[in-house]
Amino acid sequence: MATTSSGLRPAQRAEKQRIMQQQQGLSHGWNSLTRSLNNGQQSLRSKDTKPVPSSRRSVTPTSRSFYRDFDDDNDSGRVRVAVRLRPRNAEDLLSDADFADCVELQPELKRLKLRKNNWSSESYRFDEVFTETASQKRVYEVVAKPVVESVLNGYNGTVMAYGQTGTGKTFTLGRLGKNDASERGIMVRALEDIMDNISIAFDTVEVSYLQLYMESIQDLLAPKKTNIPINEDPKTGEVSLPGAITVKLRDLHHFLELLQIGEANRHAANTKLNTESSRSHAILVVNIRRSVPGKVEDDISYQDKITKGNFPIVRKSKLLIVDLAGSERLDKSGSEGLLLEEAKFINLSLTSLGKCINALAENCPHIPTRDSKLTRLLRDSFGGSARTSLIITIGPSSRHHAETTSTIMFGQRAMKIVNVVKLKEEFDYESLCRKLEAQVDLLTAEIDRQQKLGQSEKSGLEKQLRECQDCFQETRKTLVTRSEFLEKENTRLELDMEDVLAELNCQKDHNSLMQDKIADLEMRLKQSKQHQLENSTYHKLLADTTEMYEKKIAELIKQLEVERGRSKTAEEQLNSMKKLSGDHQKLTQQHEMENSKHQKALVDTTWIYEKKIMELTKQLEDEHTRFEDIQEQLHLANKRQTDYQNSMQKQEEMSELRSELQEMYQLHESTINELQSLKAEFKDQIEEKESITVKLYAMQEKLSAEEKRRKTIENELEKLKKCAPEGDTDFEDEESYMKEKIRGNSVLGTSASLKKAGPLRVTKSAAQRVIVAKICEEVGIQKIIRLLTSEDLDVQIHAVKVIANLAAEEVNQENIVKEGGLDALLTMLRSSQNATILRVASGAMANLAMNEMNQSLIMSRGGAQLLAKTASKTDDPQTLRMVAGALANLCGNGKTFSRSCRLHFQGI
Ligand code: ADP
Ligand code: MG
C-alpha cells in the first residue's frame, strides 16, 4: 500500500512493465481474458483438467464491455469496482411506497445516478453496474472469474464486498445455493472453478475461513482458536495466519461442507458474543500451490537442471474473498448499549480500510496500513501485487441515502487504486528436494539391484564355471579311462597279434613241415606205386613161374605117365623077363629107387616153390599193409592239407583281425582328436572365465563409481537442503565476517592494514564453497554475470550474491572482471536503488579490489567515486562497512591511495 499509479518509483515502474509483458506472453491479462471470453472459449481450462461445458463459461455482452473498459485503462492492475443493486424487499416496499429509488442505474453506460434531491442527481461511472435483476452467475463471471483465473495463473487475487448491512454482500459472496445451484455465491463458484482447473495429483488447494471481530481474528473452522496473530514476512511482505487451520480440499463438496461449518460457527460465535454477523468481517483464504507444467522435465538429471538453470518452478497464489461488516454507522445498526470504545473498536478495521483507500486514491505518501488487522490482511489487495475486484452493494431505498452515497464514494475512490500485479512464482526447492530424494532412492535401489544382479550373475557364472570345471574333469577322467582302456586294448591286441603271428609262424613251419612230409609221402607213394608195379611184375612172374611149374608138373606127370607106361611095359617085360625077373627085378628096384629119388626131388622142389610162394604172399601182404600205411599216411597228409587249408582260413581271420586292429587304430586316433578338441574347448572356457572375471571386476568398479556418485549426489542434496532455506542469509554471514574484519583493522589505518580488510569471505563450510565453485564451473561466470542485468530484482539479488561469493576467491577475481562483472557491478552501484543490491555489490567490489590488477581498473572506471556516492546515499551500516572495505582494498594500490581515501571519507 506504499505507492499509487502516479507515485510509482522507477524500479516499480520497470517491474510493472515487466509484469505486463509477462502477462502479454502468458495471456493471463485482462486483454486475453476478454479475447477468450469474447470467443466463448474456456480460458480457465488447464491441460490436466477435464473439459467444462461451454455454457458455464459464456458471458454476457455486458461483462465483455466490463473487460474492454479495463483494457481502455491500459492498466490491468487497477482495482475493478462493480456496483450491485439489491431488489426492493418487503421493508422497502412498505416504507418507501411513495418514494422513488435513490439511485437510477444506466447499465449500458455503466453509470449510476444518485439522486441528491428531487431535481438534481449526480452520475458515477463504474466498471460494471448490476441491476437488481442481475443473476448470481453473471455477477461471478464479471467480478470474480477474472480474479480466479489470475489466481490459477499464479497471481494473488482479492474479491471483496462492501456495503451497508442488508444490501446483499453475503448474498453475493457467501450464498451456498444448497437447493438451487443458480443461487450460488462467488465463494462457491470460485472454488468450483478452481477445483475444475487444478490437478489434485500435482496441485494443492487449501482454505482457511476466518472472522475478524473487534480486532480479533477467530478461526471459523476451529472456533476455539481466537486472537490469531498475523504474520508478515519482512522480506516478501507476504501476510499469513500460521495459527489458523488450513484444510486441503479434495473436491467442491468438501468445500461446501467446510463453508457450512464455517457459517454455523460464525452464527454460533455471534450469538455467544451477542452481536450480529453484520459487524464482523468474514474472510475466506484460498491458497493455491501449482507446479508450472513444462518447465521441469522429470527425466533431466539434477546436474542438467543446475547447468541449464532449469529448476522446478512453483506458483503459490492466494485468493481472498472478503465479506466485510456493514458499512453503516453504528447508531444506525442499532448498537445501543455498546460502549463508545467498543463501538470504535468494532469499526476500527473498516474505518482504517476507508483511510487506506483514501490515502491510496489520493497518492498520499503515507498509507496507514498498520492501523488495523483488516488493512494488514488486505495489504496486498490494495496498493499491493494482487488483482482486486470490489463489489459494492447498495439498496434502492431513499431512507439509506447517506449510506448509499458513502458506499458509492468508497467504490469511486477504490477505482483509482492501481496495484502492481506480480507473478508469485518461485523455485520449488521442496519438490526439487523431493525429486532428488526420489532420484537418490531410485539410484540406491538401482545400485542395490545392480549389486544383486552382479552378485547373482557372479554366482551364476561361478556356478557355470564350476559346472564347466566338473564337466571338464569328468570328461578328462572318462578320456583318461577310455585312453587307458584303449591302450590296454591296444597292448592286448598287439599281444594277440604277436600270438597270432607266432601261431602263424608256427603254422608256417608246420606247413612247410607238412609240405616236406607231403613231398616225402608223395615220394613214398611213388615208391609204393613202384613197389606195386614191382609186386604186379612179381605176381606175373609168380603166375608165370607157377604156370611154368604147373606145366613142368604136368610134363612130369606126363613123364610119370609115360614112365608108368614104361613100368607097365617093363613089368610085362618083367614078367617076360620075370623070367628075366631075377635080372630085371633088380633093374626094377633100381628104377623104383630112382623114382623115389625123383619123387623126393619133386616134393623138395614143390616145397621150395610153395615156400617161395609163401614168402612172396607174405611179401605181398607186407606190401599191402605198407600200401595201406602209405594210404593212411596219404590220408593223413590229405587231412593235414585240409588243416593247412584251414590255416589259410585262419589267415583270413588274421586279416580281418588286422582290419579290426586298423579300425581300432582309427578309433584311437579319433579319440585322441576328440581329446585334443576337448582340450581346446577347455582352454576356450578358461579364457572365457578370465574374460568374465575381467567383466566382473569392471562391473564392480562401475558399481563402486555409482556408489560414489550416489554419495556425492546425497552430499550435494544435503548441502542444497541446508542452503535452500537459508539462501538469503549467506551474505549476512559475510557481513558479520566483514564486521569482524573491519573491527580488527581500522578503516583509517595504514595502507598495509587497509589491505587486510578483504576478502569478504563467506563463512560457510568448505563444502558449500565447493558447491558455489561447482555451480560457477558448470553454469559459467559469464551466465551469472548476465543475470546481474536481469529485470527480475530477486534474480539480480541472487546473482550479485553469487558474484560476491565468487569474487572472494582469488582465482575468480580476474575472471569476473574479464567477463564484464566489474562493469555490471559498477552499473548496479550506479543505478540500483535496492539496499541489498548496493550492499552486496559493494562487498563484491571490495573482493574484486583485492586483486592488484583490478585495483587500477576499478579506479580508472570511477569505482572509488561510485563507492563514495553509494556510501553517501545510504545509512545502512553494513553497506558503509562494505564500501569502507572496498576503498580500503583500493588503497592497497599506492598510486590511488590518497585519492581513494579522500573519496572514501567524503562518501562516508
Ligand atoms: P448483507 O450481507 O449485506 O448484510 P445479505 O446478503 O444478508 O446482506 O442480504 C440481506 C437480505 O437481502 C437477504 O435476505 C438476501 O436474501 C436478500 N438479498 C440481498 N441481495 C439480493 C439480491 N440481489 N436478490 C435477491 N435477494 C437479495
Ligand atoms: Mg452479511
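Is Thr 545 to be classed as buried, partly exposed or exposed, and at what relative accessibility? In this predicted model, the relative accessibility of Thr 545 is 22%, and the residue therefore counts as partly exposed, since the buried class is reserved for values under 20%. Thr 545 is placed in helix H14, which comprises residues 429-723. When residues up to four places away in sequence are not counted, Thr 545 touches Glu 550 and Tyr 609. With respect to Ile 613, the separation of Thr 545 amounts to 68 residues in sequence, while the C-alpha to C-alpha distance in space is 9.9 Å.

A second region of interest is a sheet and the helix associated with it. The sheet is open and consists of 3 strands, which follow the order E2-E3-E4 and pair in the antiparallel sense. Its edges are formed by strand E2 (103-106) and strand E4 (121-125), each of which pairs on one side only. On average, and with direction ignored, neighbouring strands of this sheet are turned by 20° against each other.

Between strand E3, which spans residues 111-115, and E4, the antiparallel pairing extends over 5 bridges, and Arg 115 is found opposite Ser 121 of E4. Helix H13, formed by residues 401-414, packs on the sheet and touches E2, E3 and E4, with the direction of the helix making an angle of about 145° with that of E3. In general, the strands of a sheet pair through backbone hydrogen bonds, in either a parallel or an antiparallel manner; for the sheet described here, the pairing is antiparallel.

Conventions:
Residues are numbered from 1 along each chain as its sequence is written. Chains are lettered from A and ligands numbered from 1 in the order in which they are written. This is a predicted model: local features need pLDDT of at least 70, side-chain atom pairs count only at pLDDT 80 or more; totals for chains, interfaces and linings use all residues. Side-chain values use heavy atoms; hydrogens and water are left out. Helices (H or I, at least four residues) and strands (E, at least two) are DSSP runs, numbered from the N terminus. Buried means under 20% relative accessible area, exposed over 50%, partly exposed in between (1.4 Å probe, protein chains only). Contact means heavy atoms within 4.5 Å. Two strands pair if DSSP finds at least two bridges between them. Axes are lines fitted to C-alpha atoms, for helices over the stretch in contact, and angles run from 0 to 180 degrees between N-to-C directions.
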